[in-house]
Amino acid sequence: MGKYFGTDGFRGEANVDLTVEHAYKVGRYLGYYFSKDKEGDDRARVVIGKDTRRSSYMIEYSLVAGLTASGADVYLMHVTPTPSVSYIVRTDEFDCGIMISASHNPFYDNGIKIINSHGSKMEASVEKEIEDYIDGLIPEIPFAKRENIGRTTDYSMGRNRYIGYLMTIPTRSFKNLKVGLDCANGAASTVAKAVFDALGAKTYVINNEPDGTNINTNCGSTHIEGLQKFVVDNGLDAGFAYDGDADRCLAVDEHGKLVDGDAILYICGKYLKEKGRLNKNTVVTTVMSNLGLYKAFDTEGIDYEKTAVGDKYVYECMIDNGFILGGEQSGHIIFSKNARTGDGVLTSLKLMEVMVENKSSMSDLTRGLSIYPQLLENVRVTSKPEVMSDEDVLAAAKKVEEELGDDGRILLRESGTEPLIRVMVEAKTDELCKKYVDSVVAVIKSKGYAI
């Protein structure tokens with residue numbers, strides 16, 4: 001992780017940690033970086049999407065000012081999911097894409113995600129150059145002049161093309177299936193219902209009236225309880241909840257039970273194996289996946305890889321090894337034959353396809369998967385590196401690991417986007433999880449790290 005860019009872009013509170021000046025400089029350097037090797041009438045082309053946060057407009061215009069001042073032409077997709085930007089970058093041959101979003105964070109945060117020309121997360125080396133430019137470690141770069149100043153073009157057609165692409169993926173109609181969608185008052189509001197309606201589902205939508213300040217507020221994948229109740233109350237066959245920029249998806253079965261990212265990997269991994277399409281018989285997970293998932297994969301004879309937390313690491317592992325399915329417990333699921341990043345709406349379509357093909361309910365598809373109780377506590381700290389190198393904290397975690405043995409595990413890690421240490425324990429009971437999490441958190445607090 002860099003000074004400004006974490007595992008999922010440059011993120012923080014708008015005009016506090018991520019200011020208009022930061023956005024302008026990101027635009028200035030990206031415009032320069034992709035324009036410097038152009039010749040003649042060839043110009044750098046950058047496409048931008050954003051979610052529904054009030055600050056997204058402010059950051060968008062700052063990025064546009066920086067990009068055009070450096071000679072790049074900018075194409076605006078407006079409010080649209082992150083995966084749509086990834087799709088359009090690679091299919092329409094843009095030099096790069098930018099998504100303005102803080103994903104599942106509250107509305108007052110925002111972020112800048114940079115996508116390379118292949119549709120995946122930008123290389124860390126380029127992000128480091130941007131950071132150096134922001135900090136004044138790179139000499140001032142030239143302004144474009146006269147006819148070389150960049151232009152801005154409306155590119156809402158890009159979002160429409162992405163919607164059309166999603167509609168082509170399922171091989172069966174969803175006719176007569178009743179589906180609930182929680183759009184988190186975010187970017188999915190522009191896409192999800194249109195796709196499900198076109199595929200024949202009876203679509204029931206909640207939280208699709210964004211006002212700039214209600215994104216992720218008591219809704220979406222971070223507050224699944226609203227969708228759980230909605231599915232049960234309306235007798236729906238399934239429900240899907242997205243986050244602010246719609247790059248993740250969690251599901252709910254017909255009984256209102258959560259189907260998280262691990263369960264989605266189990267359902268899709270098992271289905272692909274049965275169809276003979278699970279390349280190299282392997283699913284890519286992160287270290288946050290539940291122990292129960294691995295035991296279920298062992299039973300099904302499915303191999304797995306573990307990466308660091310972050311869908312960029314999942315994708316890198318998939319591409320390096322030729323795997324086609326991977327993801328995170330949080331709902332970032334990657335189907336590499338269809339996308340280069342997590343895609344919430346695509347994930348929900350894939351789950352629906354398994355339901356239709358197998359003529360099964362969502363609850364039937366999760367049989368064989370027993371999730372271990374898990375407790376995660378986020379501790380806001382003064383210094384993440386100091387906590388992660390403290391001998392007493394590490395000793396406390398080691399003691400928990402030894403006591404759990406093969407019947408559970410502990411994971412101590414830094415947040416990639418916030419000043420948090422995450423303490424996670426899986427064990428046979430909720431009581432054991434709480435006991436062991438509390439023991440480690442107590443040490444962190446006793447050493448004076450907690451804020």
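Contact is taken here to mean heavy atoms within 4.5 Å. In this predicted model, Leu30, which is placed in helix α1 (residues 20-35), is in contact with Leu67, Ile98, Ile114 and Ile130 once its neighbours within four places in sequence are left aside. Leu30 counts as buried, because its relative accessibility is 0%. Leu30 and Val191, by comparison, are separated by 161 residues in sequence and by 28 Å in space, taken from C-alpha to C-alpha.

A second buried position was examined in the same way. Leu325 lies in strand β15 (residues 325-327), and at 0% relative accessibility this leucine counts as buried. With its neighbours within four places in sequence set aside, Leu325 is in contact with Leu265, Cys268, Gly269, Leu272, Leu278, Thr282, Val283, Val284, Met318, Ile333, Ile334 and Phe335. The C-alpha atoms of Leu325 and Val387, which are 62 residues apart along the chain, are separated by 34 Å.

Leu265, one of the residues in contact with Leu325, also takes part in the packing of two helices, since Asp262, Leu265, Tyr266, Lys270 and Lys273 in α8 meet Leu293, Ala296, Phe297 and Glu300 in α9. Helix α8 (residues 261-274) and helix α9 (residues 291-300) pack at an angle of about 10 degrees, and their axes are 10 Å apart. Angles under 35 degrees count as roughly parallel, and α8 and α9 are therefore roughly parallel to each other.

Aromatic side chains were considered next, and a search of the whole structure finds 16 aromatic pairs. In one of these, the rings of Tyr33 and Phe34 have their centres 5.0 Å apart and their planes at 85 degrees, so the pair is edge-to-face. Tyr33 is partly exposed, with a relative accessible area of 23%, whereas Phe34, at 16% relative accessibility, counts as buried. Both residues belong to a cluster in which ring pairs link Tyr29, Tyr32, Tyr33, Phe34 and Tyr133. Rings also occur beneath charged groups: the charged end of Lys306 sits over the ring of Tyr294, at 4.3 Å from its centre, and the charged end of Lys350 sits over the ring of Phe335, at 5.5 Å from its centre. Phe335 is also among the residues in contact with Leu325.

For oppositely charged side chains, the count comes to 28 salt bridges. Arg172 forms a salt bridge with Glu357, in which the closest N and O atoms are 3.7 Å apart. This pair links distant parts of the chain, with Arg172 in the loop between α5 (156-168) and β8 (178-182) and Glu357 in helix α11 (residues 344-358), 185 residues apart. Arg172 itself is partly exposed, with a relative accessible area of 38%. A salt bridge is likewise formed by Lys447 with Asp390, the closest N and O atoms being 2.7 Å apart. Here too the pair links distant parts of the chain, with Lys447 in the segment after α15 (430-446) and Asp390 in the loop between α13 (384-389) and α14 (391-404), 57 residues apart. Lys447 is partly exposed, with a relative accessible area of 34%, whereas Asp390 is buried, with a relative accessible area of 8%. The side chains of Glu418 and Arg422 also meet in a salt bridge, with an N to O distance of 4.0 Å, and Arg422 counts as buried at 12% relative accessibility. In addition, a network of salt bridges links Asp8, Arg11, Lys113, Lys121, Asp245, Asp247 and Asp311.

The backbone was examined for positive phi values. Most residues other than glycine have a negative phi. Phi of Ala246 is nevertheless near 60 degrees, a positive value in a residue other than glycine. Ala246 is placed in the loop between β10 (238-242) and β11 (249-252), and this alanine is buried, with a relative accessible area of 0%. Glu93 has a phi near 55 degrees, which is also a positive value in a residue other than glycine. The place of Glu93 is in the loop between α3 (82-91) and β5 (96-100). In contrast to the buried Ala246, Glu93 is exposed, with a relative accessible area of 66%.

Terms used:
Residues numbered from 1 in each chain as written. Predicted model: local features only at pLDDT ≥ 70, side-chain atom pairs only at ≥ 80, totals over all residues. Heavy atoms only, no water. Helix = DSSP H or I, 4+ residues; strand = E, 2+ residues; numbered from the N terminus. Buried < 20%, exposed > 50% of the residue type's maximum accessible area, 1.4 Å probe, protein only. Phe/Tyr/Trp six-rings, centres within 6.5 Å; stacked < 30°, edge-to-face > 60°. Lys NZ or Arg CZ within 6 Å of the ring centre and 35° of its normal. Axes fitted to C-alpha atoms, helices over the stretch in contact; angles between N-to-C directions. Parallel < 35°, antiparallel > 145°, perpendicular 65-115°, else oblique.
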